[in-house]
Each structure stands twice: as structure tokens, then as C-alpha cells.
Amino acid sequence: MRMLLDLDAHDYDPALPSIERTAVRGVIFREGQLLMIQSSFGEVKFPGGGQEAGESDLDTLFREVLEETGYHVKPDSVQPLGQVVEKRLSRHEPMIWHQINRYYLCRIEGEQEACQYSANEQKYGMHQLWLPLSDAVEVNRQMLAREGCNPWNQREYRVLEYLAQQVEAGLLVP
């Protein structure tokens with residue numbers, strides 16, 4: 001099961017310089033529910049974020065999941081799920097936003113610790129919650145219908161749809 005999604009908006013001049021970024025995200029099921037991060041806007045996203053210089057995917061996954069959820073990833077549970085490549089005009093400067101998002105199925109272990117949200121995450125009211133997969137799909141579907149195609153919401157919605165298809169086909173057990 002390898003998810004490969006290409007979300008290229010084709011809304012940029014290819015001659016523009018690029019902002020290139022890699023992000024790593026955890027797909028964590030427990031008792032049939034997904035561990036998600038929700039903002040004050042309402043959409044839900046998978047815990048994860050940008051890879052820092054010198055970090056491996058696993059280093060980023062472990063750090064980001066701990067920061068955003070307070071949980072430790074169980075190292076021997078990590079399985080690659082796939083990636084989503086985003087390419088679009090940056091919202092803040094005349095540059096191409098090119099981000100590779102790598103998703104990993106994983107489990108958590110131990111007791112939950114305090115979350116360590118960044119100032120920006122705190123500003124947007126980020127908090128973790130557990131949701132059934134169908135509810136997470138619906139939350140982001142409604143957000144897209146209400147707000148339009150915010151790139152990050154579209155990305156997470158497409159991954160949630162993919163997971164739902166895998167569950168329905170019996171290829172993934174939440």
C-alpha cells in the first residue's frame with residue numbers, strides 16, 4: 001500500500017524560484033480512531049511538520065508527533081504509507097511552494113506528555129483529538145465546501161479519502 005499523490009496547482013510561472021520543504025506526518029490509529037490535530041478554523045490535520053536540517057524522516061516523525069500530541073511513537077511500529085507532493089504559488093511571495101509530505105503509519109506508546117506547540121500553532125488554537133476516520137473525512141470535506149481549496153486542507157482531505165478507501169477494501173485495519 002503506497003499512496004502517491006501529486007497536488008500541482010499549476011498557478012505559477014515555472015521560472016520563479018522555489019521554496020523547497022519536506023514534511024513528515026504520522027497516521028496513528030487507536031481503537032478505531034485517528035489521532036488528529038485541529039485548528040480554531042475547524043479543519044483537522046495529521047500530526048507532523050517540517051523536517052529540520054540533518055534530521056531523518058524518523059527523527060522528524062518522532063519529534064513532531066511528540067510536540068503536537070504529547071505521545072511517543074513506538075519505533076518498531078513505523079511503516080511508510082506514501083507521499084503527497086504539493087506545488088503551487090506561495091501565498092506570501094512570488095515563489096513556488098514545493099513541499100514533499102511523507103506519511104507514516106505508526107503507533108504510540110507510554111503516557112501522554114504535555115504538547116509543545118509553536119507560537120504559530122498556539123495562535124491558531126491547535127489541539128489534538130481522536131476522531132473516527134469517517135468523521136475526520138467529513139470535517140475536512142465540510143471545510144473545503146465552506147472555505148474553498150486551502151492547499152493544506154485539500155492535502156489532508158485527499159489522504160483521509162485514501163485511508164477510507166484502503167479500509168473499505170480491507171487493506172488497512174484501523
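In this predicted model, strand β7 (residues 79-89) pairs with β8 in the antiparallel sense, and ten bridges hold the register between them. A hairpin of six residues carries the chain from β7 to β8. One of the rungs on this side sets V85 against I100 of β8.

Strand β8 (residues 96-106) also has a partner in β2 (residues 18-30), this time running parallel and joined by eleven bridges. Here G26 stands opposite Y104 of β8. The two pairings look like this side by side:

| Strand paired with β8 | Sense | Bridges |
|---|---|---|
| β7 (residues 79-89) | antiparallel | ten |
| β2 (residues 18-30) | parallel | eleven |

β8 is mostly covered, with nine of its eleven residues buried. How accessible is Q99, which counts as buried? Its relative accessibility is 2%, and because buried means under 20%, Q99 falls in that class. The side chain of Q99 makes a polar contact of 2.6 Å with the side chain of R21. Leaving aside residues up to four places away in sequence, Q99 touches R21, A23, R25, V84, V85, E86 and R155.

Now for the helices. The axes of α3 (residues 133-147) and α4 (residues 151-168) come within 9 Å and cross at roughly 145 degrees. This crossing is left-handed. On the α3 side, the contact is made by L133, A136, V137, N140, R141, M143 and L144, while α4 contributes N153, Q154, E156, Y157, L160, E161, L163, A164 and V167. Sorted by class, the contact has ten nonpolar, three polar and three charged residues.

Key
Residues numbered from 1 in each chain as written. Predicted model: local features only at pLDDT ≥ 70, side-chain atom pairs only at ≥ 80, totals over all residues. Heavy atoms only, no water. Axes fitted to C-alpha atoms, helices over the stretch in contact; angles between N-to-C directions. Helix = DSSP H or I, 4+ residues; strand = E, 2+ residues; numbered from the N terminus. Left-handed = near helix turned anticlockwise from the far one by under 90°. Contact = heavy atoms within 4.5 Å. Nonpolar A, V, L, I, M, F, W, Y, C, P; charged D, E, K, R; others polar. Buried < 20%, exposed > 50% of the residue type's maximum accessible area, 1.4 Å probe, protein only. Polar contact = N/O pair within 3.5 Å; in protein donor to acceptor, adjacent residues only side chain to side chain. Pairing = 2+ DSSP bridges.
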